[in-house]
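Please examine the protein displayed here. The paragraphs below it move from the whole chain to a few chosen residues.

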Amino acid sequence: MGMRRVLVAFSLALLVIASGCLFKPPAEVHFSVDKTVVNPGDTIHLLVFVNNTGKVGLTGATLLIKSEGFKILQEPQFPNLLPVGKSVQLVWILQAPTKPGVYNLKVSLELNDELRRTWTGFYSQFRITVSTEVPATSPLELRVTSPNLTTGGSVTKLKLSIRNTADLDVSIDDVSLTLLPGMRMLNHTDVPVKVEAGKTAVVYYWIKTPYAYREGYVSVLVKYTIGDSKRSLAKSAFIEVVWRPWTESEAVLKEAYGNEYQWIYGRFLVDEYWAEKYNSTPLFESAELRKVALPIVNSSDSEVEAARKLYEWVRTSYEIGGNTTTLNPSEMLGKTTLSVAESQILLTGMLKSVNIPARVVTLYNGTDCTMNPITEFYTADGWYVIDVRQGIVGSVDEFIASVRFPKIYQLVTGGGYRIVAQAPRDMGGHEHVDVTPYFLIDLQDRLFNQVSQKVRPELRSKLSLVMDGLDENEALYTLFLFSAAPPDELNSVLEMYSVDTIKKTIKPIYEFYWDAPWDWNFRKYWRVFMEGLP
């Protein structure tokens with residue numbers, strides 16, 4: 001009987017092998033570090049090579065550190081899509097513990113694919129010595145220098161010095177740069193084929209910075225050969241890029257904002273329908289508003305920081321509530337109370353007055369285009385939102401993950417509403433542009449990314465399992481629920497309850513509420529979910 005079971009098991013194994021159903025990881029992954037002996041608190045470059053050997057594209061990578069004392073200072077940008085057969089070299093910049101000692105740095109990588117699946121099983125471990133006395137462990141010494149502070153749109157020169165401290169010549173196989181998002185390398189001097197023993201080679205790079213705020217490390221990875229040994233070494237330099245459009249010329253602003261430059265100027269902020277409804281002219285006097293706005297934003301380093309300061313100024317200078325009595329921002333300056341609509345119009349005008357493209361965005365039901373006003377302003381990273389009702393100053397993706405957006409989604413997809421940007425030119429009736437697609441395109445993926453950022457890294461694979469197998473409507477409702485959840489509660493649920501329990505608790509809530517009119521605060525349904533947990 002025992003032999004028969006063995007034969008049956010063996011036959012099944014052969015069947016699995018023959019059918020090609022054995023588990024095969026979707027990628028080949030290799031880990032390495034640039035050094036294993038460091039000063040307390042020094043940086044370590046963790047190099048991760050990912051080769052897509054699966055059947056679908058890869059869309060993201062999450063690094064998990066299972067050792068105390070190590071911190072991630074900067075994560076690499078994963079390609080929007082890593083196609084099958086392609087590879088990428090990723091560089092994580094870590095900070096070593098501040099206390100001397102010998103540490104086991106344990107790391108694992110989770111990969112996401114196009115089907116929103118999470119793949120685990122990629123591990124490595126390194127023995128890291130933290131000491132105040134660090135011996136030279138590499139024949140090469142790298143030094144990367146660049147300005148610590150520069151401005152958006154400028155050309156920055158980066159200097160790479162490669163010093164060979166060995167008695168043998170070193171062959172330089174490859175030199176690659178990892179830049180901050182939006183940076184572009186314009187040119188560089190020749191990269192040496194080899195560095196002779198005791199010599200130093202220098203390479204200069206000219207880098208164009210984006211018209212945006214950036215802060216982080218620019219990294220250089222050098223692959224080289226000494227004798228019969230192939231090695232690699234990385235080095236980073238910290239750089240900060242500030243972008244203050246209120247100090248720039250018209251020519252620079254046109255280059256920075258392209259087609260969105262049009263949203264800086266214009267005589268009016270909302271269209272004629274508003275003017276007739278509220279019996280007021282929405283005239284925009286930029287120079288007058290600039291006198292107020294410029295001192296508020298002058299020390300800001302980006303459009304987003306400027307917008308936050310203007311929002312805080314409005315919030316602390318006015319009581320928000322009541323009826324709309326004027327559409328003229330200059331008249332609003334003398335008031336003590338502003339309606340929500342007035343506060344959004346004033347913020348839009350103040351942003352435009354300091355050269356930040358901005359517009360009022362509302363809901364439109366075919367007749368009325370004054371509903372649920374918010375302010376949008378443009379940056380090199382896309383449109384951002386100021387929503388006075390919710391106290392949000394964030395990206396459009398952060399806005400669609402807010403507690404009020406599900407109601408907007410329901411009105412647009414089921415109630416015939418559109419999301420429009422006010423674009424008045426001459427007070428000629430309804431003058432707005434439909435921006436609905438911008439808010440709804442790839443909505444499920446964008447919501448999933450926002451929810452993932454709320455979830456602790458070690459729980460993201462479980463989040464993927466919860467979403468697995470849901471149809472489009474169920475998935476959207478679940479993501480709206482998770483978006484409305486306080487982060488600590490969402491993480492606790494994912495940690496404490498099984499995937500099956502979470503799905504079974506969501507399903508009857510979804511079935512009951514999906515076709516019913518939703519509340520403007522979607523957190524109401526998260527509370528229903530929490531009460532339904534066993």
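The following text begins with the overall architecture and then turns to three individual residues.

The structure is a predicted model. Its secondary structure comprises 16 helices and 25 strands. Along the principal axes, the C-alpha atoms of the protein occupy a box of roughly 80 × 75 × 40 Å. Of the 534 residues in the protein, 50% are buried. The accessible surface amounts to about 25500 Å², and carbon and sulfur atoms contribute 50% of that surface.

Two further values describe the protein as a whole. Among contacts with a separation of 6 or more, 67% are formed by residues 24 or more positions apart. The protein also carries 54 positive and 59 negative charges, and the mean positions of these two sets lie 6 Å apart.

The first residue to consider is Tyr 409, which belongs to helix α9, residues 405–414. Why does Tyr 409 count as buried? Its relative accessible area is 11%, and a residue is called buried because this value is under 20%. Apart from neighbours within four places in sequence, Tyr 409 is in contact with Leu 440, Leu 443, Leu 476, Phe 480, Trp 514 and Trp 518. Glu 196, by contrast, is 213 residues from Tyr 409 in sequence, and their C-alpha atoms are 64 Å apart in space.

The next residue, Lys 462, is located in helix α12, which spans residues 460–467. Which side chain of opposite charge is nearest to Lys 462? It is that of Glu 495, at a distance of 8.7 Å. Lys 462 is buried and has no salt bridge. Its side chain does, however, reach the backbone oxygen of Tyr 497 at 2.5 Å. When neighbours within four places in sequence are set aside, the contacts of Lys 462 are Leu 494, Glu 495, Tyr 497, Ser 498 and Val 499.

The last residue, Glu 431, lies in the loop between β24 (418–422) and β25 (432–434). Glu 431 is likewise buried without a salt bridge, and the nearest side chain of opposite charge, that of Arg 425, is 6.1 Å away. A salt bridge requires a side-chain nitrogen of Lys or Arg within 4 Å of a carboxyl oxygen of Asp or Glu. A polar atom of the Glu 431 side chain is 3.1 Å from the backbone nitrogen of Gly 428. Beyond residues up to four places away in sequence, Glu 431 touches several others, including Asp 271, Gln 422 and Arg 425.

Methods
Residues numbered from 1 in each chain as written. Predicted model: local features only at pLDDT ≥ 70, side-chain atom pairs only at ≥ 80, totals over all residues. Heavy atoms only, no water. Helix = DSSP H or I, 4+ residues; strand = E, 2+ residues; numbered from the N terminus. Buried < 20%, exposed > 50% of the residue type's maximum accessible area, 1.4 Å probe, protein only. Contact = heavy atoms within 4.5 Å. Areas by Shrake-Rupley, 256 points an atom, 1.4 Å probe, with all protein chains shown as cover. Lys, Arg positive; Asp, Glu negative; His and termini not counted. Charge placed at Lys NZ, Arg CZ, Asp CG, Glu CD. Polar contact = N/O pair within 3.5 Å; in protein donor to acceptor, adjacent residues only side chain to side chain.
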